[in-house]
Amino acid sequence: MAKYIFSFLTRVLLGRTKATTNIDAKPTQRFANIAKTSLEGFSSETLVFDFEGTLLRSSSLFPYFMLVAFEAGGFLRGLVLLLAYPFACMLNQETMLSMMVFVCFAGVSRESFRLGSAVLPKFFLEDLGREAFDGVMAFGQRVAVTRLPRVMVEEFLKEWLGVDTVVGREVAVFRGRFTGLMEKNEARPQLIRLLGEGRLMGSRATCVGCFSEPWPFDHHQLLAHCKEVYMVTPAEKRNWQLLPREKYPKPLIFHDGKLAFRPTPLATLAMFMWLPLGLPLSILRVTLGVLLPLSISGLVLAMTGMQTTVSKPQNPNFDPNPLANSTKGILYACNHKTLLDPIFLSFALKKPLAAAIYSLSPFNEAISPIQTVRLARDRERDTKLMQQALGHSDLVVCPEGTTCRERYLLRFSPLFARVSKDIVPVAIDVGVSMFYGSTARGPKCWDPVFHCMNPNPSYTLQILEKLSTSCTCEGGGKSGVEAANYVQSQIAGALGFECTLLTRKDKYMILAGNDGR
């Protein structure tokens with residue numbers, strides 16, 4: 001009797017059911033056997049696989065639901081999910097999943113939900129097992145079965161892994177908003193029906209199945225359509241290596257969201273424990289940066305945990321205050337990491353600079369400790385505004401026009417290169433551990449607050465050599481594009497970043513579905 005009670009409690013508390021191993025007619029094989037088989041032989045086959053159990057190293061789905069809860073509903077919804085999770089773990093898998101879906105999705109707008117393409121892909125990629133990825137990508141056609149709501153994974157599976165069909169459930173929508181209720185589980189009959197009709201395989205006569213324990217549905221019907229079945233075991237997944245970035249199907253250049261860490265239960269708990277200290281500290285840092293003189297701001301902020309590293313040219317003739325010897329200021333061209341880039345450059349040079357801006361919020365512009373020059377996205381007008389600003393002070397411009405978190409540089413607009421021949425490139429890199437200080441969606445006024453809420457955010461600025469006259473438009477006869485590309489390459493070389501031709505519009509179309517205006 002004690003044995004049966006223990007078995008029952010194990011199923012209820014851990015939410016697991018023992019997988020059936022007596023499979024009729026088709027014995028399963030370990031997934032590692034794929035690596036021992038000629039992968040070329042699978043290029044004409046169809047693979048039906050369990051996404052979470054086959055590709056992801058982690059067995060916990062909590063981090064992905066926390067990302068949805070936090071990014072779609074903020075701190076409060078994230079806290080509710082964290083508090084509910086211990087109770088959800090006492091339920092069976094299906095009830096636990098339904099509970100987390102309800103907490104994350106209830107009341108969220110369907111039209112504005114873009115986390116499946118803007119936020120989650122980065123974290124899915126960082127959790128892929130290399131061995132599983134190589135095996136799955138060897139097949140000519142791929143069909144993914146998912147336990148997660150389709151809206152969370154479909155765009156990632158199709159855009160990044162080339163999956164042809166995603167079989168999973170939808171979250172019900174009422175009057176444009178998610179209800180938080182999962183629709184009836186039609187994944188199994190849908191997949192069996194598609195396999196039976198041969199619609200998934202095209203000219204292929206058979207398919208290969210790959211799943212993990214426990215099976216996502218009744219496997220007997222599925223196996224009738226699979227010539228081979230591979231089983232992924234927990235022990236096997238523990239030995240997998242993470243998929244390195246150079247093996248990603250395409251470069252990860254753009255992603256959105258505030259969280260800079262993988263929100264496991266313990267990491268999320270640490271974040272909420274930090275908030276009572278982190279928020280006042282962020283407000284203090286912002287206040288000090290606004291009120292204190294630029295000559296001492298950097299030193300005082302360093303005492304609060306903000307690390308700033310500055311390197312300047314070894315040239316002994318480098319003049320940090322060129323206006324004393326010239327009637328026109330220096331134009332500093334830097335890559336763009338956060339809204340604070342021009343301010344930290346002012347801290348580094350210990351003098352006020354003017355910053356050319358496009359879409360800074362009125363609140364941030366009002367409290368800015370340095371002068372701002374709001375551009376209008378009109379070439380002739382913007383040229384005059386920048387020339388006027390250079391007549392009174394040095395000017396900072398970010399030619400990318402938007403921020404980029406990863407180790408890539410977007411295309412540099414050539415406008416700045418036509419304005420001045422006194423151009424100094426500045427290479428900037430930022431380090432954060434908890435929150436990103438830049439977003440593509442939502443109000444931008446909170447970005448500096450989130451950046452300063454990190455325990456020890458770091459800024460690294462490399463002030464490079466001033467461009468020689470022969471490399472500029474005015475003195476060297478270069479075109480604006482040539483001069484801009486040269487500055488981009490100089491900054492990329494200093495940081496070890498990669499240059500791209502992507503633009504601000506490309507970023508916002510991918511992350512927000514608009515042109516970013």
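**View 1. Aromatic pairs across the structure.** In this predicted model, you can find 16 aromatic pairs. The next two views zoom in on pairs that share Phe-51, and later ones turn to a cluster, two charges over rings and the nonpolar cores.

**View 2. Phe-51 meets Phe-124 edge-to-face.** The two ring centres are 5.4 Å apart, with 80° between the planes. Phe-51 belongs to helix 3 (residues 51-54), while Phe-124 belongs to helix 7 (residues 120-125). With their positions 73 residues apart in the chain, this pair links distant parts of it. Are these rings buried or exposed? Phe-51 is buried, at a relative accessible area of 0%, and Phe-124 is buried too, also with a value of 0%.

**View 3. Phe-51 also pairs with Phe-156.** Why does this pair count as tilted? Its planes meet at 55°, and a pair is tilted when that angle is neither under 30 degrees nor over 60. The ring centres here lie 6.2 Å apart. Phe-51 sits in helix 3 and Phe-156 in helix 9 (residues 150-160), so the pair ties together bits of chain that are 105 residues apart in sequence. Phe-156 counts as buried because its relative accessibility is 0%, and the cut-off for buried is under 20%.

**View 4. Five Phe rings in one cluster.** Look for Phe-70, Phe-75, Phe-272, Phe-435 and Phe-450: together they make up one aromatic cluster.

**View 5. Charges sitting over rings, at Phe-123 and Tyr-436.** Lys-122 places its charged end over the ring of Phe-123, at 4.5 Å from the ring centre. Over at Tyr-436, the charged end of Arg-405 does the job, 3.9 Å from the centre of that ring.

**View 6. The largest nonpolar core, with 82 residues.** Which residues have the most contacts inside this core? They are Phe-65, Phe-105 and Met-152. Helix 4 (residues 62-88) supplies the largest share of the core, 12 residues. Both domain 1 (27-247) and domain 2 (265-512) chip in, with at least three residues from each.

**View 7. Around Phe-65, and on to a second core.** Skip the neighbours within four places in sequence, and Phe-65 still has plenty to touch: Leu-81, Leu-97, Met-100, Val-101, Cys-104, Leu-148, Pro-149 and Met-152 are in contact with it. There is also a second, separate core, made of 30 residues. Among them are Leu-390, Phe-412, Cys-473 and Val-487.

How values were computed. Residues numbered from 1 in each chain as written. Predicted model: local features only at pLDDT ≥ 70, side-chain atom pairs only at ≥ 80, totals over all residues. Heavy atoms only, no water. Core = buried A, V, L, I, M, F, W, Y, C linked by side-chain atoms within 4.5 Å. Buried < 20%, exposed > 50% of the residue type's maximum accessible area, 1.4 Å probe, protein only. Helix = DSSP H or I, 4+ residues; strand = E, 2+ residues; numbered from the N terminus. Domains from an automatic or database assignment. Contact = heavy atoms within 4.5 Å. Phe/Tyr/Trp six-rings, centres within 6.5 Å; stacked < 30°, edge-to-face > 60°. Lys NZ or Arg CZ within 6 Å of the ring centre and 35° of its normal.
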